[in-house]
Amino acid sequence: MTYVIAEPCVDVKDRACVIECPVDCIYEGERTLYINPWECVDCHACEPVCPVEAVFHEDDLPAQYRSVNAEYFRDALGEGTGRAARADHRVVAALPPQHAVKNDLSGFAARKEEAADAELWFRW
């Protein structure tokens, strides 16, 4: 079993899920993020941190979303597993542009505050 990133992520790509993933199985396409179903350990870490609620357990989605995710890795990453953004699955690429801002969130990445960063706030 695995998790899948669905349509609410398109043109947002917040990346909070990437930061939380303990096995580094989330890859970036041009317009959305994808979870590699062969690397995902079904830990649930990515789902609660997604601000646009785009992460779902595969059993909770129609088959078309599961197949888009699996086909992306079979087709686009067949020759390697580099982290650079690659062309999206044809279904995602065919979607009309989504709003630049969803749920009052901008499209740039957020990152988890590290302990070292927190210490800077408490220095007097």
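Here are three short exercises with worked solutions on the structure above.

This is a predicted model, in which local features need pLDDT of at least 70, side-chain atom pairs count only at pLDDT 80 or more, and totals for chains, interfaces and linings use all residues. Residues are numbered from 1 along each chain as its sequence is written, and side-chain values use heavy atoms, with hydrogens and water left out.

**Exercise 1. The overall layout**

Work out how many helices and strands the chain has, and which pattern they follow.

Solution. Start with the elements: helices (H or I, at least four residues) and strands (E, at least two) are DSSP runs, numbered from the N terminus. The chain has four of each kind. Reading along the sequence then gives β-α-β-β-β-α-α-α.

Next, look at the contacts, meaning heavy atoms within 4.5 Å. Of the chain's contacts between residues at least 6 apart in sequence, 69% join residues at least 24 apart.

Finish with burial, where buried means under 20% relative accessible area, exposed over 50%, and partly exposed in between (1.4 Å probe, protein chains only). Of the 124 residues in the chain, 34% are buried.

**Exercise 2. A residue close to the start of the numbering**

Decide whether Thr2 is buried or exposed, and find which residues Thr2 touches.

Solution. First, place the residue: Thr2 sits in the segment before strand E1 (3-5). Then check the accessibility: Thr2 counts as buried because its relative accessibility is 3%. Last, list the partners. Leaving out residues up to four places away in sequence, Thr2 touches Ile35, Asn36, Pro37, Cys40, Phe56, His57 and Glu58.

**Exercise 3. The aromatic rings**

Find how many aromatic pairs the whole structure holds, and describe the one formed by Tyr34 and Tyr72.

Solution. Begin with the rule: rings of Phe, Tyr and Trp (its six-membered ring) pair if their centres lie within 6.5 Å; planes under 30 degrees apart count as stacked, over 60 as edge-to-face and the rest as tilted. A search of the whole structure turns up three pairs. One of them, Tyr34 with Tyr72, is stacked, at 3.7 Å centre to centre and 5° between the planes. This pair links distant parts of the chain, with Tyr34 in strand E3 (residues 33-35) and Tyr72 in helix H2 (residues 63-75), 38 residues apart.

Now add the neighbouring pair: Tyr72 and Phe73 are edge-to-face, at 5.1 Å centre to centre and 90° between the planes. Both Tyr72 and Phe73 are buried. Tyr34 also counts as buried, because its relative accessibility is 2%. To finish, put the rings together: Tyr27, Tyr34, Tyr72 and Phe73 form one aromatic cluster.
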